[in-house]
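Q: I should like to learn how to read the features of a structural model, one at a time. Could the discussion begin with a helix and proceed to sheets and loops?

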Amino acid sequence: MKRLLVMGFVAVFIIASTIVLQAQAPQGQPGERRGGGQRDGGAQRGGGGQREGGAQRGGDARGGAQRGGAPQQAPMAIKMVKPGLYMVTNGGGNSTVRVTDQGVILVDTKNLGDQFYNELMGQIKTVTNQPIKYVFVTHVHQDHAGNIGKFVQAGAQVITNDGLKRNLETGGADGKGYTSAAGKPAPPNVTYTKNKKIKLGNARAEAYHFGRAHTGGDTVVYFPDVKVVSLGDEFVAAQPNADYPMGGSLLEWSKVLTQVLKLDFDTAIPGHGNDPLTKADVMAFQKKIDTIGKKAVELAKKGTPKDQIRAQIQSQTGDLGTWQMTGVINDQRLDAFYDEISKAK
Ligand SMILES: [Zn+2]
């Protein structure tokens, strides 16, 4: 009898462990996981992770969110960056909240799903009761674009670069448009090509698309009156990743950040990472991307084969810090990257 009890207990334990493991597995990746469609997500994750996908999920930046583990994600948190401007961490990429007496301007919408939307709205309500009037979305990945549809339904103007809309419709290696494990983000109700400037109450916000970088539909949002810029995944606390199937480009990225650095700001909100950073941090990040690009082109010219290119860049570029080239360019994006650097002048 005692033996039976023990066996029963062991069986229950094994079953329970299995259930827990299963629950955890999928969850790891909420972020872009696949969203990137795979590409992003997949890639990243696979790769080294990287930020977006990988990172996010796994580890990096967003790690926070997902890392939490299993069924429970790290809860969102809102923190003041400047008077009237806040950032909300976790639950996907960082969101920026600009509060005015006429309403709120929001940047990025968190992971796709009602619980993320509701949690984000709950965080915003701790600092203002004003309605969300404008939403800018920095790029197509679901951990930033996930809840476009909810904000459109709620009556906001949701503004993106027209490249984001194209990514949704025709992006990806198969040309079928971005999707993710969590689903496909809804399209925005306002798009722009080069820039879009708005005024709300005493605040201004300026959206810019400076070119291809993390994706082909990136937006950076500049708040000139408080000297803050929200950079989405063009700038992250951990390492970057270039989503080539969604139009991203490592070589163009450094030029885009050069344009960003011309803006008069002192504080940058990264797409992932728990704290606001400085203009000097953006400069250092730009320099690393530029160094990688130049080294890559040089190595390609010398005939370095595709399967060695990332390792060669990694070993021959002294100042990469914690960045791993297998995450910056994950396996799924390697062909496009190699093609780009091989054709570069
Ligand atoms: Zn992203």
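Q: Which residues of helix α11 are buried?
A: The model is a predicted one. In helix α11, which spans residues 306–316, the buried residues are I309, R310 and I313. Viewed down the axis of α11, these residues fall within an arc of 85°, so they line one face of the helix.

Q: Why do residues three or four places apart point the same way in an α-helix?
A: An α-helix has 3.6 residues a turn, so positions with that spacing share a direction. In the present case, the face of α11 turned away from its buried side carries the exposed residues D307, Q308, A311, S315 and Q316.

Q: Against which helices do the buried residues of α11 pack?
A: The buried residues of α11 pack against α10 (279–301), α12 (325–328) and α13 (334–343).

Q: How is the packing of α9 and α10 described by angle and axis distance?
A: One states the angle between the two axes and the distance that separates them. Helix α9 (residues 250–260) packs with α10 at an angle of about 155°, and their axes are 8 Å apart. An angle over 145 degrees counts as roughly antiparallel, which makes α9 roughly antiparallel to α10. The crossing of α9 past α10 is left-handed.

Q: Which residues of α9 and α10 meet?
A: From α9 come L250, L251, W253, S254, L257, T258 and V260; they meet V282, Q286, I289, D290, I292 and G293 of α10.

Q: Turning to sheets, what is the order of the seven strands in the open sheet that contains β1?
A: A sheet is read by its strand order, then by its edges. Here the order is β1-β2-β3-β4-β5-β6-β7, the sheet is open, and the pairing is mixed. At the edges stand β1 (77–82) and β7, each with a single partner strand, so one side of each has no neighbour in the sheet. On average, neighbouring strands of this sheet are turned by 25° against each other, direction ignored.

Q: Where does α8 touch this sheet?
A: Helix α8 packs on the sheet and touches β6 (157–161) and β7. The direction of α8 makes about 85° with that of β6.

Q: In what sense do β1 and β2 pair, and over how many bridges?
A: Strand β2 (residues 85–89) pairs with β1 in the antiparallel sense, over five bridges. Within this pairing, K82 stands opposite L85 in β2.

Q: What is the order of the open sheet of six strands?
A: This sheet has the order β8-β9-β10-β11-β12-β13, again with mixed pairing. Strands β8 and β13 (277–278) stand at its edges with a single partner strand each, so each has one side left without a neighbour in the sheet.

Q: How do β8 and β9 pair, and over how many bridges?
A: Strands β8 (residues 195–200) and β9 (residues 203–208) pair in the antiparallel sense over six bridges. In β9, A207 is the bridge partner of K196, and E206 stands opposite K197. The hairpin of β8 and β9 has two residues between the strands, and G201 takes a positive phi near 55° there.

Q: How many bridges join β9 to β10?
A: Three bridges join β9 to strand β10 (residues 220–223), and the two run antiparallel. For A207, the bridge partner in β10 is V221. Thus A207 is paired with K196 as well as with V221.

Q: Let us consider loops. Is T179 buried or partly exposed?
A: One counts the C-beta atoms around the residue; 20 or more within 10 Å would count as buried. T179 has 19 other C-beta atoms within 10 Å, so T179 is partly exposed. T179 is found in the loop between α8 (162–170) and β7 (190–192). From C-alpha to C-alpha, T179 and Q142 are 8.0 Å apart in space, and they are 37 residues apart in sequence.

Q: Is N129 buried or exposed?
A: N129 is exposed, because 8 other C-beta atoms lie within 10 Å. The loop between α5 (114–125) and β5 (132–136) holds N129. N129 and G103 are 26 residues apart in sequence and 8.5 Å apart in space, C-alpha to C-alpha.

Q: How many helices and strands are there in the protein chain?
A: The protein chain has 13 helices and 13 strands. Of its 345 residues, 54% count as buried.

Conventions
Residues numbered from 1 in each chain as written. Predicted model: local features only at pLDDT ≥ 70, side-chain atom pairs only at ≥ 80, totals over all residues. Buried ≥ 20, exposed ≤ 12 C-beta atoms within 10 Å, placed from the backbone. Helix = DSSP H or I, 4+ residues; strand = E, 2+ residues; numbered from the N terminus. Arc of directions from axis to C-beta. Contact = placed C-beta atoms within 7 Å. Pairing = 2+ DSSP bridges. Axes fitted to C-alpha atoms, helices over the stretch in contact; angles between N-to-C directions. Parallel < 35°, antiparallel > 145°, perpendicular 65-115°, else oblique. Left-handed = near helix turned anticlockwise from the far one by under 90°.
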